[in-house]
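Student: I should like to request a close look at a single part of this model, followed by an account of its surroundings. Please treat the matter in one connected answer.

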Amino acid sequence: MVDLLTLTLEQRVPVQMQGETAGFTWQWLGEGLLQCTPKTAYRKTMLLSAGIHGNETAPIELLANIINDLFAQRLTLAVRVLFVFGNPEAIRHGVRYLENDMNRMFCGAYQQLAQDPETERAAHLEQVTAQFFADSEVDTRRYHYDLHTAIRASRLPVFALFPYQTQPYDDFLIQSLKAADLDALVYHNAVGKTFTHFTVERFQAASSTLELGKAKPFGENDLAEFASTDQMLRAVLADQALPIRQKSDIRQFKVVDSVLKQSEDFQLKLSADAPNFSTFQKGELIATQQAGDYVVHDQQVWILFPNPKVKTGLRAGLILKEIE
Ligand SMILES: [Zn+2]
C-alpha cells in the first residue's frame with residue numbers, strides 16, 4: 001500500500017520502495033512518483049499527472065483515491081501507469097507555483113530559467129517520463145492525461161486542450177474525453193512548453209490537458225463534480241468499456257490567434273472575473289494598447305485564459321473559433 005498523497009504532503013519516503021499486489025508490481029520512483037505495471041500483458045501505457053500547479057487539489061485527490069483503490073483491489077489494473085504529482089513543494093504550500101509556472105518549463109524550457117527546485121523538478125519529470133515510456137513494451141499505445149483545475153469560471157465548465165501536433169489525433173483519446181462528459185475540446189495551433197506538449201512531441205503520446213472546474217484547497221473539493229472524469233479514468237485503467245456520455249455533443253474549438261501584451265498600457269475589454277469562453281462578435285474590441293487595437297474580424301470568437309496581468313511580451317489570452 002502506497003498512500004502517495006500522504007507521503008507527498010508529509011515529505012516522507014515509504015517503508016517499502018517497491019512491491020507487488022495480486023494484480024500488479026509497483027515502484028515508488030521518488031517524491032510524488034509511482035509506477036504500476038500489470039502482471040498480465042497490457043496494450044496501453046499511461047501517464048496520469050496532477051499537481052503541476054500545486055493549488056489544483058481536486059485532481060490530486062482524485063488520483064490518490066484511484067491509487068488507494070488499486071492497492072485495495074477495488075480497481076483492476078490492465079494498463080501500465082505512471083502517477084505523477086508534479087510540483088510537490090507547491091502542493092505542500094497550496095500555491096500554483098513558487099517561482100515559475102512549471103507548465104511552461106517542459107521541452108527543455110527549464111534551461112532558460114535560473115536553476116531552482118522547480119526547474120530541477122521539471123528536468124527530473126522529463127527524465128522519469130522518458131524512462132517510463134522507454135521501459136514499456138514496444139507495441140503499446142502511449143497516453144498522457146494531465147489533470148488541472150482552472151483559476152477562473154468557465155462558460156463551458158470542463159474542457160480539454162490538445163497540444164499542437166503534426167501526428168493524427170488519437171481516436172481513443174477523443175472518445176475517452178467525450179465519455180468523461182467534458183463540454184469542449186480545444187486544439188492548439190502553436191508549439192508550447194507544457195507537460196502534454198512534451199509527451200506528444202518527444203514520445204508521440206496521445207496527450208491532453210484537462211481543465212476540470214475551479215481550483216480549491218484540500219478538503220474543500222466536492223469530488224462528485226469530477227465523477228465523470230474519475231469514471232472514465234477508471235475504465236481506461238481497467239481496460240473496460242468507456243462510460244456512456246450523458247451530455248449533449250461535445251463542442252470543438254481551434255486556437256486561431258493569441259492576444260499579445262506588448263506594453264504596460266495593455267487593456268483587455270473584459271471584466272477581471274470574465275469566464276473562459278467569453279465571446280466577442282465581429283467588429284468588437286478585445287484589447288487596446290499603444291501598438292494597436294485588437295478588433296474581431298470573424299463572425300464570432302471565444303477567448304480562453306484571459307489574463308491582462310501577464311508580463312509584457314507574453315500572451316494575455318487565446319482566441320478560439322468553433323469547428324463546425
Ligand atoms: Zn493548472
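Which residues of α6 are buried?

Tutor: The model is a predicted one, and the values below are computed from it. The buried residues of α6 are Phe195, Thr196, His197, Phe198, Thr199, Val200 and Phe203. Because seven of its nine residues are buried, α6 is largely enclosed by the rest of the structure. The cover over these buried residues includes two strands that come before α6 in the numbering, β4 (44-50) and β5 (80-85). It also includes the helix α4 (117-135), together with β6 and β9. Just after α6, Gln204 adopts a positive phi of about 50°. As a general background to that value, most residues other than glycine have a negative phi.

The helix also takes part in a pocket. Among the elements that give two or more residues to the lining of the largest pocket are α6 (195-203), β6 (141-150) and β9 (206-214). The other elements that do so are β10 (251-260) and β16 (315-322). This largest pocket holds about 1,600 Å³ of space. Its lining comprises 49 residues, and those nearest the centre are Arg96, Asp101, Arg104, Val310 and Arg315. By class, the lining of the largest pocket consists of 20 nonpolar, 17 polar and twelve charged residues.

Strand β9, which is part of the cover over α6, leads on to another pocket. The second largest pocket has a volume of about 230 Å³. It is lined by 18 residues, of which Pro157, Val158, Leu212, Gly213 and Glu225 are the closest to its centre. Two or more lining residues come from each of β7 (158-162), β9 and α7 (227-238). With three residues, β9 gives the most to this lining. The lining of the second largest pocket divides into nine nonpolar, four polar and five charged residues. Helix α7 is followed by the loop between α7 and β10, in which Asp239 lies. Asp239 has a positive phi near 55°, although it is not glycine. At 28% relative accessibility, Asp239 counts as partly exposed.

Strands β4 and β6, which also help to cover the buried residues of α6, bring us to the metal site. The protein donors of the zinc ion are ND1 of His53, two OE atoms of Glu56 and ND1 of His148, lying 2.0 to 2.3 Å from the ion. The angles subtended by these four donor atoms run from 58 to 146°, so the arrangement is irregular. For reference, four tetrahedral donors would ideally stand at angles of 109.5 degrees. Along the sequence, the donor residues follow the spacing H-x2-E-x91-H. Distant parts of the chain are thereby linked: Glu56 sits in the loop between β4 and α2 (57-71), whereas His148 belongs to strand β6, 92 residues apart. Both Glu56 and His148 are buried.

A further point of reference is Phe253, in strand β10. The C-alpha atoms of Phe253 and His197 are 18 Å apart in space, and the two residues are 56 apart in sequence. Phe253 has a relative accessible area of 0%, so it is buried. Apart from neighbours within four places in sequence, Phe253 is in contact with Leu156, Phe277 and Trp302. Its contacts also include Ala184, Leu185, Val186 and Tyr187, as well as Leu320, Lys321, Glu322 and Ile323.

One of these contacts, Glu322, lies in strand β16. Unlike the buried Phe253, Glu322 counts as partly exposed, at 23% relative accessibility. With neighbours within four places in sequence left aside, the contacts of Glu322 are Arg251, Gln252, Phe253 and Trp302. Trp302 therefore appears in the contact list of Phe253 as well as in that of Glu322. Glu322 and Val256 are 66 residues apart in sequence, with their C-alpha atoms 9.8 Å apart in space.

Note on methods: Residues numbered from 1 in each chain as written. Predicted model: local features only at pLDDT ≥ 70, side-chain atom pairs only at ≥ 80, totals over all residues. Heavy atoms only, no water. 1 Å grid on protein atoms, 1.4 Å probe; cavity = no way out; pocket = protein on both sides within 12 Å on 5 of 7 lines; lining within 4 Å. Points joined across faces, edges and corners; volume = space filled by probe spheres on them. Helix = DSSP H or I, 4+ residues; strand = E, 2+ residues; numbered from the N terminus. Nonpolar A, V, L, I, M, F, W, Y, C, P; charged D, E, K, R; others polar. Buried < 20%, exposed > 50% of the residue type's maximum accessible area, 1.4 Å probe, protein only. Contact = heavy atoms within 4.5 Å. Donors = N, O, S within 2.8 Å, 3.2 Å for Na, K, Ca; no water. Tetrahedral: all angles 85-135°; square planar, octahedral: opposite > 155°, others 65-115°.
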